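Reader: Could you take me through one part of this model in detail, going residue by residue where that helps? I would like a careful, connected account rather than a list.

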Amino acid sequence: MTTCVFVQIRCTPGTTYAVAEEIALREVHSELYSTSGEYDLLVKLYVPEGQDVGHFINENMTGIKGLERTLTTLTFKAF
């Protein structure tokens, strides 16, 4: 079973569209949204079974120019 996580991304000013485009090109996300508030983007992705969430996000999100900070929210089956 895959793990669904949401990653909020803060971008350096003026780079939000470039960061979103780079994420889209990497094709690791399920959904990608522009948001307002403390963070600029919201990415929904599924971490493959057996992979560490932190390593997966680090391997697929680091190195994107303009990405300043992330906040990851894990999901759990509640019902």
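Author: Glu27 lies in the loop that links helix H1 (16–26) to strand E2, and in this predicted model the backbone of Glu27 has a positive phi of about 50°, although Glu27 is not a glycine. That value deserves a remark, because most residues other than glycine have a negative phi. Glu27 is also classed as exposed, because its relative accessible area of 68% lies over the 50% cut-off for that class.

Following the chain past this loop leads to strand E2, which covers residues 31–34 and includes Ser34. Ser34 is exposed as well, since its relative accessible area comes to 60%, where the class requires over 50%. Once the neighbours within four places in sequence are set aside, Ser34 is in contact with Asp40 and Leu41. As for the separation from Val19, which is 15 residues away from Ser34 along the chain, the two C-alpha atoms are 11 Å apart.

Leu41 brings the account to strand E3 (residues 41–47), which runs antiparallel to strand E1 (residues 3–11) and is joined to E1 by 7 bridges. Within this pairing, Val7 has Val43 of E3 as its bridge partner. Strand E1 is also joined by 7 bridges to strand E4 (residues 67–74), again in an antiparallel arrangement, and here Ile9 stands opposite Thr70 of E4. For reading such pairings, it helps to recall that in a regular strand the side chains alternate between the two faces of the sheet.

Notes. Residues are numbered from 1 along each chain as its sequence is written. This is a predicted model: local features need pLDDT of at least 70, side-chain atom pairs count only at pLDDT 80 or more; totals for chains, interfaces and linings use all residues. Side-chain values use heavy atoms; hydrogens and water are left out. Helices (H or I, at least four residues) and strands (E, at least two) are DSSP runs, numbered from the N terminus. Buried means under 20% relative accessible area, exposed over 50%, partly exposed in between (1.4 Å probe, protein chains only). Contact means heavy atoms within 4.5 Å. Two strands pair if DSSP finds at least two bridges between them.
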